[in-house]
Amino acid sequence: MIGGGQGAFIGAVHRIAARIDGEYELVCGAFSSNAEKSQASGLLLGLPASRSYSSYQELIEKEKQLPENERVQVISIVTPNHVHFAPTKMALENGFHVVLDKPMTFSLEEAKELEKVVKASGKLFCLTHTYTGYPMIKEAKQLIKAGAIGAVKKVYVEYPQGWLSTFLEGEDNKQASWRTDPGKSGIAGAMGDIGTHAFNLAEYVTGLEVTKICADINIVVPGRKLDDDGAALLKFNNGASGVLTATQIAAGEENNVKIRVYGEKGGLEWHQSDANSLTVMYTDKPAETWRTGGGYTSSFAQHNTRTPAGHPEGYLEAFANLYRNFALTVKAGLEGKEATPEELDFPGIEEGVRGMAFIENVIASGKSDLKWTDFTI
């Protein structure tokens, strides 16, 4: 692991997710840009001092020198956005598979360059868009793909949070400080941090791509340097329209992710607050509630379900599904086998590039006087 040391939030989540299915063992790390803090974090996690490195460069260089049966195979990178590109590029070019936290890079330019690196390296790459890991999100995707609701006509996706409804970065809050800092987060705040999740969810579930955008981007909290609230009208490549909202100033909200998709013959609705349920709506009969663990669900939903029906599976399990599918794909390659479609179902470099394109397009649209702007990469 690179990043995720003492005081970090997402690093612990990645480690838990990786461990759930017993597919990974943490063997080394460079957990902080501060050498002493990195060493201390490694020791707390039970690593020997010899594999608690002082920098990501040292980790990659020294691990590469180890015998193949001893060196690390997958490097998980959980640093702030401005420290995504360089360690990912170096890891891939030195023969390591990579799992990277989202958004993929600091800029679209970096994302395009990283796409070339991934393709040239021949190594596998996973981007942790967590919400695509939920079984009933996978079920929604498969139902739409099978034509259960007909051609998609309307999409609503929203991600409201309330944790930044005050000037938290002024209180020495580490998570708020880097996420609201243009030098570390990039050109977007809320739209980069959670808007990318909403965008990815809309494209993943529908199987469509956004082609045009019309955005309203706001900085609500005085003194903040990056957007903390916004909405965008979307046009998709099949002619469907959509609405995306992402805000971090909705006081009292937690992580209330929702998506609704309406087609010619019906609709689907999913809320993270009741992640085991998917509402399936019809034009000619009552709505149904489909549940995680039901024998009627698709192979994709079942592959990503661990417990019998009625036992809630949540955020950590969804996160773990990305890690497990990635591990199974890596292992299939090591064994000279083809990974199954279910195992290959994790976000990759293409989703990363489109996510960074979303950030640049939504911010540009928010600044533009035009009603609609083309979604460009």
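**Exercise 1. Place Glu 269 and list what it touches.**

Start with the contacts. Leaving out residues up to four places away in sequence, Glu 269 touches Ile 259, Arg 260, Leu 278, Thr 279 and Met 281. Contact here means heavy atoms within 4.5 Å. This is a predicted model: local features need pLDDT of at least 70, side-chain atom pairs count only at pLDDT 80 or more, and totals for chains, interfaces and linings use all residues. Residues are numbered from 1 along each chain as its sequence is written, and side-chain values use heavy atoms, with hydrogens and water left out.

Next, the element. Glu 269 sits in strand E9 (residues 266–271). Helices (H or I, at least four residues) and strands (E, at least two) are DSSP runs, numbered from the N terminus.

Then the accessibility. Glu 269 is partly exposed, with a relative accessible area of 22%. The classes are buried (under 20% relative accessible area), exposed (over 50%) and partly exposed (in between), with a 1.4 Å probe and protein chains only.

Last, the polar partner. The side chains of Glu 269 and His 271 are joined by a polar contact of 2.7 Å. Such a contact is a pair of N or O atoms within 3.5 Å; within protein, one must be able to donate a hydrogen and the other to accept it, and residues adjacent in sequence count only if both atoms are side-chain atoms.

**Exercise 2. Determine whether His 14 is buried or exposed, and find its polar partner.**

Locate the residue: His 14 is in helix H1 (residues 10–19). Its relative accessible area is 0%, so His 14 is buried. Its side chain makes a polar contact with the side chain of Asp 101, at 3.1 Å. Beyond four places in sequence, His 14 touches Met 1, Ser 76, Val 78, Asp 101, Thr 128, Phe 319 and Tyr 323.

**Exercise 3. Describe the two faces of helix H2 and its ends.**

Take the buried residues of H2 (residues 35–44) first: Ser 38, Ser 41 and Gly 42. Seen down the axis of H2, they fall within an arc of 100 degrees, so they line one face of the helix. The arc is that of the directions from the helix axis to the C-beta atoms. On the other side of H2, Glu 36 and Leu 44 are exposed.

Now the ends. Asn 34 caps the N-terminal end, with a side-chain oxygen 3.0 Å from the backbone nitrogen of Glu 36. Just after H2, Gly 46 has a positive phi of about 85 degrees.

**Exercise 4. Characterise the contact between the domains.**

Set the bounds. The chain is divided into domain 1 (9–123) and domain 2 (133–308 + 348–367). These bounds come from an automatic or database domain assignment. Their centres, taken over C-alpha atoms, are 27 Å apart. Domain 1 gives 18 residues to the contact and domain 2 gives 20 residues.

Then the area. About 1600 Å² is buried between domain 1 and domain 2, and carbon and sulfur atoms give 65% of it. Buried area is the accessible area (1.4 Å probe) that two parts lose on being put together, summed over both. In domain 1, Lys 102, Phe 106 and Leu 108 lose the most area to domain 2, together 31% of what that side buries.

Check the backbone here too. The peptide bond from Lys 102 to Pro 103 is cis, with omega near -10 degrees. Pro 103 is in the loop between strand E2 (97–100) and H5.

**Exercise 5. Find the residues that touch the most other members of the largest nonpolar core.**

Apply the definition: a nonpolar core is a set of buried Ala, Val, Leu, Ile, Met, Phe, Trp, Tyr and Cys residues joined through side-chain atoms within 4.5 Å. The largest has 75 residues, and Ile 75, Met 104, Val 205, Leu 244, Trp 270, Leu 278 and Phe 358 touch the most other members. Domain 1 and domain 2 each supply at least three residues to this core. A second, separate core of 18 residues includes Ala 17, Val 74, Cys 126 and Leu 322.

**Exercise 6. Give the backbone feature and the accessibility of Asp 172.**

Asp 172 is in the loop between strand E4 (152–160) and helix H7 (174–179). Although not a glycine, Asp 172 has a positive phi of about 60 degrees. With a relative accessible area of 74%, Asp 172 is exposed.
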